[in-house]
Amino acid sequence: MAEAKDSGLRKSSAWAISLLLLAQLASGCTGRQEILLSDGWKFIKNDGDYSVTALDDSSWENVSVPHDWAVYGPFDADNDAQNVAISQNLEQSASLKTGRTGALPHVGTGWYRTSFDVPGFSDSKAVELIFDGAMSHAEIFVNGMKAGEWPYGYNSFHLDITSLINSGGKDNILAVRLENLPESARWYPGAGLYRNVHLAVTDRIHIPVWGTHVVCPQVSAEEATVQIDVKVDGTPDRVKTVIIDPDGKRIASGRAGSEGLSRQTFKIQSPRLWSPETPALYTAVTSVYSGVRKTDEYRTVFGIRKIELVPGEGFLLNGVRRKIQGVCNHHDLGPLGAAVNEAALRHQLTLLKDMGCDAIRTAHNMPAPELVRLCDEMGFMMMVEAFDEWDISKCANGYSRLFAEWAEKDLVNMLHQYRNSPSVVFWSIGNEVPSQNDSTGCKTASFLYDICHREDPTRFVTCGMDQVLSVLESGFADVMDVPGFNYRVNYYGQAHEMMDDKLILGSETASTVSTRGVYKFPAETKMMAMYPDRHCSSYDLECCSWSNLPEDDFAMAQDHEWEIGQFVWTGFDYLGEPTPYESMPNHSSNFGIIDLASIPKDRYYLYRSVWKPDEETLHIVPHWTWPSREGETTPVFVYTNHPSAELFINGVSQGRRSKDGKEGLERYRLMWNDVIYQPGELRVVAYGADGSAVSQTSVRTAGKPHHLVLKADRTRLHADGRDLAYIEVTAVDADGNICPLENSPVSFVTNGESGFFRASANGDPACLELFHLPQMHLFNGKLTAIVQATEKKGQIVFTAHSEKMIDGELTIQVR
């Protein structure tokens, strides 16, 4: 829904409830109503006794949820400055980190308030609030009475508020207090009601939240057994389930009676198996009856697939061995902050899918349900991670303060919420926990491992471990179904031997750093390199003291069947952790394969060339506009899926390079290290395995910036108030060549009632311009602007204006 523009929108939740009730009455189902509480919220960043019902909040800010109060800035070095030594980065002494959590004002206390009606409320109804996530230390009040609390900001939770609802169900007041403590995070956590809030109204006899569990104990191409456990609150007379196939066809049904837990088993002939290539989804529609009255209908989406870890073979999906080609991602959405948006997540996954990525690790926390649902639908395997801390802290006010009381509750919620999702292959119980080196850590790991297998025995349990030799000696690694190693790829072989040929997963790899469009000379392999401009080189030769370049992980995966794949750190740049620069103005990472503006870096094409070997990739590094480098050595790399290529400068061959028989970097990238720069055309011709020319591409020296070119990822949006279009703005010369050194300002204007400017970013990790203001400097010739649809059909006319170049204009339809 659209963002709230005035206090009148506060009544929109009641209208949404009324419309939903009418639709359900028309369909003959009155048992379950699920309402999204999105509009009509009031917000204040302050603390006080704001839970009372008789409160004048008219001066508070009007917001819609999801909402991240901190992303609007301003950036400031004093925002959560931390004087710490980061042991994971091998630091021995403390130093001041002013950009570690994004330098945005997420620390503090905020309150949200809204009103809602419960349609048809009576003594026969049950009412539940569901929070997909609230950052953090949430305290929930309904009609002035405390309904509950949940401190972990990444966890989804639900509260029974039936007894707190006003008689007749009208004019209920929901108030939420949230507090973020200083030094409670290692990256930008976001702040506020940054995920969705739902109201569920059911009959007293109903299936509770996350009350079904689907497993497939037998799976083959010919037949699959589907077993569904259904929990029912109250005493039903019978429970009936219908299985709907991916085409919407009813293919099986069954019933069971009894209160509590019922189990139904189905045989599915010639099942359509879920995989990243064929993400087929089935739906179980479960109905609960009291006599002839249907009291509830609950839909469970699931997939049919088989996962195995087989020593000597590797990881098998549906009986076929495959190497995991995954990335780690933090939860923020760049210029949108932590406020979840399904269109933004889909945009990210679409870019990753085109790169050849097939898996996501939710580092280092529980994900938003929208991400898991999209991975189910789009075909991504997942490692869903629970914690970054256990009982020993990494941050002064981190999760260790909560672990003893809350770890099992948080973990059980996560498992119940996502155990029906076919995309989820691994549960990760932690990341680089300090206790991984001793017996105490082994006991804690076993405790969490046992909970995972108690609640879901069908998936593999792992943990991200960065002290490889220590976890082998302590026995910590042996607790896991498959050990997940963070970096230290040079120890994989030794670990494999010490663990009696156990399979190994690269749970976090590479940590190569680069800044889009920046190239440093000479082009050399470096660790923790820092420069006056506070950027990193996009020659993809720089990494961190604990990490490595992508080629090491490629070779490990290709040369050893016992290594089952990797999750690269990271798919996207994210807010916070600006390594190797740990102070302002740097406030976002350099690790991403794709930058904070959702623009691919050069490294994107290196991964694509390896991960999608059967699809065309031909990419030249660097750009070819160097006004001060004539006559100087300017290395050229080519990332391609083809085995060899020839390079030409202004038609003159610079020689042919081949990957055949090569080791190290040259096994995966074609390198011309001694090229002498001269302006003009840099052209590469790729050759196939038979030696014939199969493809070519070129880059040219740019002239004076002339006009702006706009390209949207989508030109048709849904009029749902939430849909987004990402518009890439590029400076080009009169001939259309990209101007890779252009950094001038651009402003944005949107015309039409069907949409509005939402945010922009340019990918510069040291840029302190605010995302939500309608202007931004280009960075190395590019930036991204984001527009959001309203609920009104029509069109959005978007203009990017420059004082230096001809404006660019784009029209987007909203339907």
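In this predicted model, the protein exposes about 29,200 Å², and carbon and sulfur atoms supply 49% of that area. Turning to the inside, buried residues make up 63% of the 815 residues. As for charge, there are 74 positive and 106 negative side chains, and the centres of these two sets sit 5 Å apart.

The secondary structure adds up to 9 helices and 48 strands. The radius of gyration comes out at 27 Å, close to the 28 Å that the globule rule gives for 815 residues, so the protein is as compact as a globular protein of that length. Laid out along its principal axes, the C-alpha trace spans about 85 × 65 × 55 Å. Among contacts with a separation of 6 or more, 70% are accounted for by residues 24 or more positions apart.

Strand β23 is a good place to look inside. This strand covers residues 324–329, and 6 of its 6 residues are buried, so β23 is largely enclosed by the rest of the structure. Both of its faces are covered: one side carries Ile324, Gly326 and Cys328, the other Gln325, Val327 and Asn329, and all of these are buried. The strand also has partners. It runs parallel to β32 (residues 563–569), with 5 bridges joining the two, and it pairs with β24 (residues 359–362), again in the parallel sense, over 4 bridges. Val327 turns up in both pairings: this residue stands opposite Val568 in β32 and opposite Ile360 in β24.

A little earlier in the numbering there is a small piece of sheet with another arrangement. Three strands form an open sheet in the order β20-β21-β22, and the pairing here is antiparallel. The edges are taken by β20 (307–310) and β22 (320–321); each has a single partner strand, so one side of each is left without a neighbour in the sheet. Between β20 and β21 (residues 314–317), the antiparallel pairing extends over 4 bridges. Within that pairing, Glu308 stands opposite Leu316 in β21.

Gly110 gives a view of another buried spot. This glycine belongs to strand β6, which covers residues 108–116, and its relative accessible area is 0%, so Gly110 counts as buried. With neighbours within four places in sequence set aside, the contacts of Gly110 are Phe43, Ile44, Lys45, Asn46, Trp69, Val176, Arg177 and Leu178. Tyr418, on the other hand, is 308 residues away from Gly110 in sequence, and the two C-alpha atoms are 29 Å apart in space.

Asp552 tells another story. It is part of helix α8 (residues 550–559) and, at 40% relative accessibility, counts as partly exposed. Its C-alpha atom is separated by 7.3 Å from that of Val489, although the two residues are 63 residues apart along the chain.

The backbone also has a few spots worth a second look. Most residues other than glycine have a negative phi, and most peptide bonds are trans. Against that background, the peptide bond from Gly73 to Pro74 is cis, with omega near 5 degrees. Pro74 sits in the loop between β3 (61–63) and β4 (82–84). Another cis peptide bond joins Met584 and Pro585, this one with omega at about 10 degrees, and Pro585 lies in the loop between β32 and α9 (602–611). That loop follows from β32, a parallel partner of the enclosed strand β23.

Positive phi values show up as well. Tyr487 has a phi near 65 degrees, a positive value in a residue other than glycine. This tyrosine is placed in the loop between β28 (484–486) and α7 (492–498), and with a relative accessible area of 2% it is buried. Ser511 is not a glycine either, yet its phi is positive at about 50 degrees. The serine lies in the loop between β29 (504–510) and β30 (526–527) and, at 0% relative accessibility, Ser511 counts as buried.

Notes
Residues numbered from 1 in each chain as written. Predicted model: local features only at pLDDT ≥ 70, side-chain atom pairs only at ≥ 80, totals over all residues. Heavy atoms only, no water. Rg over C-alpha atoms; globule rule 2.2 N^0.38 Å. Buried < 20%, exposed > 50% of the residue type's maximum accessible area, 1.4 Å probe, protein only. Contact = heavy atoms within 4.5 Å. Areas by Shrake-Rupley, 256 points an atom, 1.4 Å probe, with all protein chains shown as cover. Lys, Arg positive; Asp, Glu negative; His and termini not counted. Charge placed at Lys NZ, Arg CZ, Asp CG, Glu CD. Pairing = 2+ DSSP bridges.
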